[in-house]
Amino acid sequence: KGALRTTAMRVSTAVVALLGLAGLQRVGCFTSPPPCTAGCLPGSNICATNMPLRPASAAHGLGPRINPLRTSYDPRTKSRLRAEAAPSRSDQNGVQLPVGNDKEVAAWLSAEVRQWLDDEWIPRDFHGEIGDIAAGAYVSARERGINEAGDILLEVANTLMGVNMYEADVGAFDVANKVTDLLLINDGRDVCCTTEPYSAGPGTSTEDSEAAVGGGVMLPEEAVSWSKPDSAFDRYTFLQQAMDGSQTAAVIDRAVLESLGYTVLKEGGKSMYDASGVTDERVLGISSFLGNPESCAILQEKLEEDLEEQNKDEEDLMPLIEALAGEAVVEMAKEEGDADFAMREVCVKWLHFSGGY
């Protein structure tokens, strides 16, 4: 018995020692943590490397997407680019949405969001409430002058994050991303990785169409039926008429705009310029050159760039101008400082050297 008692005491001592050592090791983990290499969460000593990652789309509004602003738009490629990539110059101010009838757009957004949620999951009355709240956040943002797509996305998401979305199967950022996709599609942009709207959007107003990336500027009546001359002789005649003033400004403007990538769309009996094919952001929003010194200055800048690329000088184009208008007329216009003649000269030089005339 004495031997058994001694053996038991030894085993108990060993177990206590082991437990004590484990306890010391556990305490050591908290009292002397290894240096954090990933950074701690703000206002705490919790290492970010130990935090679990939420799924990209958490149910019941528990988790936003990792990168809520997923993409941006580049008018040069008509595609959406990953937000992680370096922004192009055309995206420095974000994706600006044009002015429209906000209440009509909001009603459309509400119906689209509700239908989308009903189809993705099961029909619920709460889906209609989510659509109304998201649409209301959109209207509130636009009324406060928020027109950038990413900012609108955050406004909608922040509003929905204050709502108990327990009955929903999506999170606030899922809905906000859907709203942004719909707005971009309604603005005529190409959007990847999303479903098409169930109905056509109300579109945008034409009040600020000149500043819209998609163009939308109405053609003057005298330029609607014009088309680029086919033969070299007809193109030379067109340049001659542009120089002597017998060709209308609206037609010359159309010739220059089309040489810069603009196209003409006809919808509902109306003809409008579309800028989706424009590759130089400097000419976006321009609707005329003659009578517009600022636009002509941009065209002059582009002409000089093209001449430099071809190792040419602008003086090389003067024989053409003198042949078209007459040497005496050119000299007189320069002496008198004829601004209209100077703008016609810039347009003709551009059309000849860079526009294929």
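I looked up Glu335 first and found it exposed, with a relative accessible area of 63%, where exposed means over 50%, buried under 20% and partly exposed in between, with a 1.4 Å probe and protein chains only. The model is predicted, so I noted that local features need pLDDT of at least 70 and side-chain atom pairs count only at pLDDT 80 or more, while totals for chains, interfaces and linings use all residues. I also noted that residues are numbered from 1 along each chain as its sequence is written, and that side-chain values use heavy atoms, with hydrogens and water left out.

Glu335 lies in helix 11, which covers residues 327–336; helices (H or I, at least four residues) and strands (E, at least two) are DSSP runs numbered from the N terminus. Glu335 is also part of a negative surface patch, together with Glu327, Glu331, Glu336 and Asp338. For such a patch I took residues with over 30% relative accessible area and no salt bridge, with like charges joined within 9 Å. Asp and Glu count as negative, and the place of a charge is CG of Asp or CD of Glu.

Next I turned to the whole chain. I counted 12 helices and five strands in the protein chain, and buried residues make up 37% of its 357 residues. The accessible surface comes to about 20,300 Å², of which 54% belongs to carbon and sulfur atoms; the areas come from the Shrake-Rupley method with a 1.4 Å probe. Among contacts (heavy atoms within 4.5 Å) between residues at least 6 apart in sequence, 61% join residues at least 24 apart.

I then looked at backbone angles. Most residues other than glycine have a negative phi. Cys193, however, has a positive phi near 60°, and I found Cys193 in the loop between helix 5 (172–186) and strand 3 (215–218), where it counts as exposed at 70% relative accessibility. Asn311 likewise has a positive phi, of about 55°, although it is not a glycine. Asn311 sits in the loop between helix 9 (293–309) and helix 10 (318–325), and at 73% relative accessibility Asn311 is exposed.

My last entries concern salt bridges, of which the structure holds 13; each is a side-chain nitrogen of Lys or Arg within 4 Å of a carboxyl oxygen of Asp or Glu.

Which partner does Arg114 have? I found Arg114 bridged to Asp118, with the closest N and O atoms 3.4 Å apart. Both residues lie in helix 2 (residues 102–120), four residues apart, about one turn of the helix. Arg114 is partly exposed at 33%, whereas Asp118 is buried at 13%.

Glu155 forms a salt bridge with Arg144, the closest N and O atoms being 2.6 Å apart. This pair links distant parts of the chain, with Glu155 in helix 4 (residues 149–161) and Arg144 in the loop between helix 3 (125–143) and helix 4, 11 residues apart. Glu155 is partly exposed at 23%, and Arg144 is partly exposed at 49%.

Arg282 pairs with Glu305, their closest N and O atoms being 2.9 Å apart. Arg282 lies in the loop between strand 5 (270–274) and helix 9, and Glu305 in helix 9, so the pair ties together parts that are 23 residues apart in sequence. Arg282 is partly exposed at 24%, as is Glu305 at 33%. Finally, I noted that salt bridges sharing partners join Asp280, Arg282, Glu301, Lys302 and Glu305 into one network.

Terms used
Patches are made of residues with over 30% relative accessible area and no salt bridge: like charges are joined within 9 Å, nonpolar side chains (Val, Leu, Ile, Met, Phe, Trp, Tyr) within 5 Å.
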